[in-house]
Amino acid sequence: MTPTQLSHAVLRSVRDAVDGGELRVAELPERAALRRPPRHVGAHVWSTGIALRLAGPAGLPAPEVAALLRRRLAAEPGVAGVDVTGGGFLTIALATDADAALLRAVLAAPPAPGPPDDPAADAARWAGVAGGDPAGGLLVQREENPLFLVRYARARCAGLVRAGADLGVVADPGAAPFELPAERELLTALGDGGRPASRLTAIADALLTVEAARPTLPTGDEKPGAVHRARLALAQAAGTVLADGLTALGISSPERL
């Protein structure tokens with residue numbers, strides 16, 4: 001289950017409770033915001049405060065609303081467990097295949113065609129969203145420049161996909177677990193929403209941290225294995241999200257820099 005699918009499941013639980021007469025509200029929420037609960041990293045655990053939003057309109061204590069939603073959410077496919085915490089928050093643990101589901105969902109989407117490479121226009125568009133000097137710092141090719149960082153990380157991912165094809169490594173999100181803290185941070189960044197530019201820089205920084213921590217592809221005499229197929233899927237998904245995010249901002253995302 002992806003974060004988007006989980007958000008839809010939360011909203012389904014609200015509609016079901018209303019349809020069943022257990023929850024009386026005049027207007028259903030349009031979205032269910034998700035966040036990472038404290039001390040949880042990775043794609044497996046999320047929290048939502050939707051019960052606190054509904055408590056006032058429903059005339060019920062937030063923990064009681066959360067308990068109504070918990071029973072329904074716990075029966076959703078892909079949900080491993082649901083707890084009521086913090087006076088009405090729902091803390092939702094996803095099944096162990098959540099990482100693979102997230103990556104598969106990213107990789108299944110068709111790539112969006114990007115604009116042509118135009119450094120001045122790219123810098124101006126980035127500055128319009130995230131700030132910075134479009135005529136100065138945003139044109140410098142150093143990792144301290146967030147625009148370069150994102151574009152470099154995207155090109156790095158594309159290079160890994162090309163190298164993987166040369167080695168016969170086929171990306172497979174479910175081939176092996178992601179256990180390194182850096183990998184969990186990257187999965188968190190891929191699953192989180194937030195402001196577009198901030199999300200892209202978080203993904204780029206996490207991707208480069210992962211790459212520094214361990215190689216994606218076999219090195220030396222090492223033979224390709226399941227771990228490399230999973231790592232390549234993670235890199236390919238990161239590159240896809242970076243490319244799509246840049247395209248959405250009207251910024252080019254070349255596969256080579």
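Which residue lies over the face of Phe 89, and at what distance from the ring centre? In the predicted model examined here, Arg 35 occupies this position, at 4.6 Å from the centre of the Phe 89 ring. A further placement of a charge over an aromatic ring involves Arg 36, whose charged end sits over the ring of Trp 46, 3.5 Å from its centre.

The overall architecture provides the setting for these local features. Nine helices and three strands are present in the protein chain, and their order along the sequence is α-β-α-α-β-β-α-α-α-α-α-α. The C-alpha trace spans about 60 × 45 × 30 Å along its principal axes. Of the 257 residues in the protein chain, 46% are buried. When contacts between residues at least 6 apart in sequence are considered, 68% of them join residues at least 24 apart.

Strand β3 comprises residues 89–94 and contains Thr 91. The relative accessible area of Thr 91 is 14%, which falls under the 20% limit, so Thr 91 is buried. Its side chain is joined to that of Thr 85 by a polar contact of 3.0 Å. With residues up to four places away in sequence left out of the count, Thr 91 touches Pro 37, Val 45, Trp 46, Ser 47, Gly 81, Val 82, Asp 83 and Thr 85. Trp 46 thus appears both among the residues touched by Thr 91 and as the ring beneath the charged end of Arg 36.

Strand β3 also takes part in covering helix α4, which spans residues 98–108. The buried residues of α4 are Ala 98, Asp 99, Ala 100, Ala 101, Leu 102, Leu 103 and Val 106. Their cover includes α1 (3–19), β3, α7 (181–191) and α9. Helix α9, one of these covering elements, runs over residues 226–248 and includes Gly 245. Gly 245 counts as buried, with a relative accessibility of 17%. The C-alpha atoms of Gly 245 and Gly 114 are 9.9 Å apart in space, although the two residues are separated by 131 residues in sequence.

Aromatic pairing was also examined. The count comes to one aromatic pair. The rings of Phe 148 and Tyr 152 have centres 5.7 Å apart and planes at 20 degrees; because planes under 30 degrees apart count as stacked, this pair is stacked. Both residues belong to helix α6 (residues 146–167), where they are four residues apart, about one turn of the helix. In an α-helix there are 3.6 residues a turn, so residues three or four places apart point the same way. The two members of the pair fall into separate accessibility classes: Phe 148 is buried, at 14% relative accessibility, whereas Tyr 152 is partly exposed, with a relative accessible area of 32%.

Helix packing was described for α5 and α8. Two packed helices are described by the angle between their axes and the distance between the axes. Helix α5 (residues 119–130) packs against helix α8 (residues 196–213) at an angle of about 110 degrees, and the axes are 8 Å apart. Since angles from 65 to 115 degrees count as roughly perpendicular, α5 and α8 are roughly perpendicular to each other. The contact is made by Trp 126, Val 129 and Ala 130 on the α5 side and by Ala 197, Leu 200 and Thr 201 on the α8 side.

Note on methods:
Residues numbered from 1 in each chain as written. Predicted model: local features only at pLDDT ≥ 70, side-chain atom pairs only at ≥ 80, totals over all residues. Heavy atoms only, no water. Phe/Tyr/Trp six-rings, centres within 6.5 Å; stacked < 30°, edge-to-face > 60°. Helix = DSSP H or I, 4+ residues; strand = E, 2+ residues; numbered from the N terminus. Buried < 20%, exposed > 50% of the residue type's maximum accessible area, 1.4 Å probe, protein only. Lys NZ or Arg CZ within 6 Å of the ring centre and 35° of its normal. Polar contact = N/O pair within 3.5 Å; in protein donor to acceptor, adjacent residues only side chain to side chain. Contact = heavy atoms within 4.5 Å. Axes fitted to C-alpha atoms, helices over the stretch in contact; angles between N-to-C directions. Parallel < 35°, antiparallel > 145°, perpendicular 65-115°, else oblique.
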